[in-house]
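Reader: I'm new to reading structures, and I'd love a close look at one part of this one. Could you pick a place where helices meet and walk me through it slowly?

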Amino acid sequence: VKGDFEGSRQVAIPAVKKMDKSGIGSDIDYAILLNNIGCCQLNLGQDDEAKESFLTAREHYANRWQSDSTSRGFQEAVLGTVYTSMAYINTRRYLESIYWIDRTEMLLDKYRQRRDARSDYFDEYQGRIDIMRAVAKQGLGKPDEAEVAYQAFLKTDYAKTGQGHINANDYLVMAKRYQEAADNYLYLDQTMAHWGMEASLDNIQLYMLPKFWANKEAGRRDSARVAAEKILHVLDSALTSQKNRSTAERATIYDH
């Protein structure tokens with residue numbers, strides 16, 4: 001959430017090695033750690049390593065649901081593949097994201113068939129799947145298919161939530177539908193607070209700059225100016241935090 005991908009990787013990889021050495025650790029422990037490692041590797045430009053981590057995590061998720069008599073394993077796998085899909089989308093690797101979006105939908109369909117499945121879970125994750133597909137298709141230059149996926153997204157209750165509005169903007173900005181995106185960005189501050197997101201450089205790039213751009217292109221000059229002023233206000237502290245993390249990481253490397 002903070003965007004400290006190297007710091008996360010330095011915690012998660014030794015944890016996996018400890019589990020390997022001790023023989024202690026469940027499939028879900030491995031799956032969650034490997035999925036997080038993959039997300040970090042992808043954001044650090046380590047594509048091949050990320051792919052291997054994601055595929056190994058997939059195997060552990062499969063082991064988990066095959067050995068679990070409840071539907072919990074499918075629920076966990078859906079959540080994990082959503083994060084994998086989002087990692088590929090956020091790094092603009094749209095073609096690779098389609099595989100994981102398809103897999104997420106397959107797992108959600110399996111989850112629906114379980115008697116003990118939580119019905120309130122279906123709508124949100126179907127909405128996430130639909131909007132991710134819209135973004136990926138638009139990014140791949142297939143606007144008609146993207147629009148179909150977006151219309152499916154709008155039929156979900158999730159689309160009406162603050163998180164749904166913000167996630168929709170990945171597609172709307174890409175499709176140059178700036179008026180709709182600017183309306184949705186009214187929910188940004190409360191959604192970032194709900195997610196516990198700090199104003200890191202990554203979050204400035206993913207959320208705050210697009211908010212400025214959407215308002216500017218929509219002709220909302222006052223709102224664009226407010227968005228720009230907020231970016232300038234938080235940019236210094238975000239840069240300082242980034243430098244402090246880099247310094248701490250270098251110190252850790254030198255200590256070892």
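Author: Happy to: what follows starts with one pair of helices and then moves out to other parts of the chain. Please keep in mind that this is a predicted model.

Let's begin with helix H1, residues 5-22, and helix H2, residues 27-43. How close do their axes come, and at what angle do they cross? The two axes come within 9 Å, and the crossing angle is roughly 145 degrees. As for its hand, the crossing of H1 with H2 is left-handed. On the H1 side, the contact is made by Phe5, Ser8, Arg9, Ala12, Ile13, Ala15, Val16, Met19 and Asp20. H2 answers with Asp29, Tyr30, Leu33, Ile37, Cys40, Gln41 and Asn43. If you sort these residues by class, you get ten nonpolar, three polar and three charged ones.

Stay with H2 for a moment, and find Cys39 in that helix. Is Cys39 buried or exposed? Its relative accessibility is 14%, and buried means under 20%, so Cys39 counts as buried. Setting aside residues up to four places away in sequence, Cys39 touches Phe54, Tyr83 and Ala87. For a sense of distance, try Cys39 and Ala218: they are 179 residues apart in sequence, and their C-alpha atoms are 33 Å apart in space.

Next, look at Ser53, which sits in helix H3, residues 47-67. With 8% relative accessibility, Ser53 counts as buried. Which residues does Ser53 touch, once those up to four places away in sequence are left out? They are Leu34, Ile37, Gly38 and Gln41. You have already met two of these names, since Ile37 and Gln41 are among the H2 residues in the contact with H1. Ala87 comes back here as well: it is 34 residues from Ser53 in sequence and 13 Å from it in space, C-alpha to C-alpha.

Now follow the chain to the loop between helix H4 (72-90) and helix H5 (94-112), where you will find Arg92. Its phi is near 60 degrees, which is a positive value in a residue other than glycine. Arg92 has 57% relative accessibility and counts as exposed.

Helix H6 comes later, at residues 119-139. It has 21 residues and reaches 31 Å from its first C-alpha to its last, close to the 30 Å expected at 1.5 Å a residue. Why can H6 be called largely enclosed by the rest of the structure? Because 16 of its 21 residues are buried. Just after H6 comes Gly141, with a positive phi of about 75 degrees.

Let's finish around helix H9, residues 178-184. In the loop between helix H8 (162-174) and H9 lies Lys176. Lys176 is not a glycine, yet its phi is positive, at about 60 degrees. With a relative accessible area of 62%, Lys176 is exposed. Asn184, in H9, is buried instead, at 10% relative accessibility. Its side chain is joined to that of Asn169 by a polar contact of 3.0 Å. Beyond its neighbours within four places in sequence, Asn184 is in contact with His165, Ile166, Ala168, Asn169 and Leu172.

How values were computed. Residues numbered from 1 in each chain as written. Predicted model: local features only at pLDDT ≥ 70, side-chain atom pairs only at ≥ 80, totals over all residues. Heavy atoms only, no water. Axes fitted to C-alpha atoms, helices over the stretch in contact; angles between N-to-C directions. Helix = DSSP H or I, 4+ residues; strand = E, 2+ residues; numbered from the N terminus. Left-handed = near helix turned anticlockwise from the far one by under 90°. Contact = heavy atoms within 4.5 Å. Nonpolar A, V, L, I, M, F, W, Y, C, P; charged D, E, K, R; others polar. Buried < 20%, exposed > 50% of the residue type's maximum accessible area, 1.4 Å probe, protein only. Polar contact = N/O pair within 3.5 Å; in protein donor to acceptor, adjacent residues only side chain to side chain. Expected span 1.5 Å × (residues − 1).
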